[in-house]
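The exercises below ask for helix packing, cysteine pairing and backbone geometry to be worked out from a model. Each task is followed by a solution that goes step by step.

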Amino acid sequence: VLDRFSFDLDAEIVCLEDVRPKIRFGDKLASLLAALCVPSFVLERVLRLHTMDPEDVLTIIFTSGSTGKPKGVMLTHRNVGSNVAAFDQILHLRRSDVLCGILPLFHSFGYTTTLWSALQLAPKAVYHYSPLEPRAVGNLCRKHKATILVATPTFLRSYIRRCDPGDFAALEVLITGAEKLPPETADAFEGKFGIRPLEGYGTTELSPVVSSNVPSSRVRDSWFVASKPGTAGRPLPGVAVKVKDLETDEDLGLGQAGMLWVKGPNVMKGYLHEPEQTASVIRDGWYRTGDLAQLDSDGFLTIMGRLSRFSKIAGEMVPHLAVEEEIGKVEQSGEEDALSFAVTGVPDEKRGERLVVLFTRLRNSPEAIVRALQESNLPPLWIPSADSFHRVEAIPVLGTGKLDLGALKDLAVSCAAADTRRA
């Protein structure tokens, strides 16, 4: 990376591959003996760990920028440590576990769950530098008999296409995050590899995990409901959530959709050099996620989507994700299909906004899709018109596999404007 990009960094650069040859056998032996024989309180003084405060910043992770300019999220030792401890509590990690780390470490999901979980807890960890190389990831999991994998649905689709059934034979825990887990993707992965992916939820600002479904094999009490399809699981131990009305900011009851707020030791210290932005999302220790959600009577959290993934049409909130799911049913989009269409909103003089569908390819014509949507249970306001479908060269995505919502909206606006000019 340093060779490829002309970084001008005002800092000392330390490349770990340059350090490794300098570590002698005697250094390793001394460290082993110190770890086994020297009391921990002495090690703390020698390594000066006693000078560190749990509220000190451990790292700065930048947000993906899916909805705008990336922000530097300051995560403390307490933030990351609490998330790792909670991860261990719900999954009951064992020394025999093997964690396969494929998520980039500049992403908080990869940083906390695959780096610090391995450093602090019992499991062995193996890594591959890119989740975009299915065969390499599959071979790594097969060779080391990986039992735990965290990924995104986008990456799972490529593994379904290109990995062999035996690659994930030892997996016991497969949790996805960063985006909604489509049921068809979960079904296809389970059908091919014999293990069902489960969904979790989190954000960079929350270190990142807020909630997760748990595999039944990791549950110690038979009465405990470990997972519910379509949900993002229960909040982690020590994490509190509440749902508030978008207009009045009042707390809502069970089953009611509204803005999700989160409180706990995982809430970030703040945004780097942006105190006003920090104050706008953290109130009395509660973090405003920007996601719409609802809670059920068993404490399971259902994420409806980012507020930015809703359009307000004639006063009604219309979820883009729900429309995409219905179009996917018409198109019979399966787990083997790459992202070929996306829904977003553009300004409309009459109704405030209108839906636009950008696509790279379609099995059916826009007119046929609209007719099928009209025959479904979708409300009329949720159905885009046939002339609101626009072919594009590619659907904008980020390096993490998530939709680039800002670029998607800009592209839709330009397509709609071009239509207006032609008209």
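**Exercise 1.** In this predicted model, determine how helix H6 (residues 134–144) and helix H7 (residues 153–162) are oriented towards one another, and describe their contact.

Solution. The axes of H6 and H7 come within 9 Å and cross at roughly 80°. Since angles of 65 to 115 degrees count as roughly perpendicular, H6 is therefore roughly perpendicular to H7. In the contact itself, Pro 134, Arg 135 and Val 137 of H6 meet Ser 158, Tyr 159 and Arg 162 of H7. Sorted by class, the residues of this contact are three nonpolar, one polar and two charged.

**Exercise 2.** Carry out the analysis for helix H10 (residues 320–331) and helix H11 (residues 366–375), and add the handedness of the crossing.

Solution. Begin with the axes, which come within 10 Å and cross at roughly 115°; H10 is therefore roughly perpendicular to H11. The crossing of H10 and H11 is right-handed. On the H10 side, the residues in contact are Glu 326, Ile 327, Val 330 and Glu 331, and they meet Ile 369, Ala 372 and Leu 373 of H11. By class, this contact has five nonpolar and two charged residues, with no polar residue.

**Exercise 3.** Decide whether Cys 100 and Cys 141 are bonded or too far apart for a bond, and state how accessible each of them is.

Solution. A disulfide is a covalent bond between the sulfur atoms of two cysteines. The cysteine sulfur closest to that of Cys 100 belongs to Cys 141 and lies 3.6 Å away; because the cut-off for a disulfide is 2.5 Å, this separation is too far for a bond. Viewed from the other side, Cys 141 is in no disulfide, its nearest cysteine sulfur being that of Cys 100. A search of the whole structure accordingly finds zero disulfides. As for accessibility, Cys 100 is buried, with a relative accessible area of 0%, and Cys 141 also counts as buried, at 2%.

**Exercise 4.** Locate the backbone features at His 92, Ala 314 and Pro 208, and describe each one.

Solution. Most residues other than glycine have a negative phi, and most peptide bonds are trans. His 92, although not a glycine, has a positive phi of about 50°; His 92 is found in the loop between helix H4 (77–91) and strand E3 (98–101), and is partly exposed at 23% relative accessibility. For Ala 314, phi is also positive, near 50°; Ala 314 lies in the loop between strand E16 (310–313) and strand E17 (316–319), and is exposed at 52% relative accessibility. Finally, a cis peptide bond with omega of about 0° joins Ser 207 and Pro 208, with Pro 208 placed in the loop between strand E7 (198–202) and strand E8 (209–212).

Note on methods
Residues are numbered from 1 along each chain as its sequence is written. This is a predicted model: local features need pLDDT of at least 70, side-chain atom pairs count only at pLDDT 80 or more; totals for chains, interfaces and linings use all residues. Side-chain values use heavy atoms; hydrogens and water are left out. Axes are lines fitted to C-alpha atoms, for helices over the stretch in contact, and angles run from 0 to 180 degrees between N-to-C directions. Helices (H or I, at least four residues) and strands (E, at least two) are DSSP runs, numbered from the N terminus. Angles under 35 degrees count as roughly parallel, over 145 as roughly antiparallel, 65 to 115 as roughly perpendicular and the rest as oblique. A crossing is left-handed if the near helix is turned anticlockwise from the far one by less than a right angle, and right-handed if clockwise. Contact means heavy atoms within 4.5 Å. Ala, Val, Leu, Ile, Met, Phe, Trp, Tyr, Cys and Pro count as nonpolar, Asp, Glu, Lys and Arg as charged, and the others, Gly among them, as polar. Buried means under 20% relative accessible area, exposed over 50%, partly exposed in between (1.4 Å probe, protein chains only).
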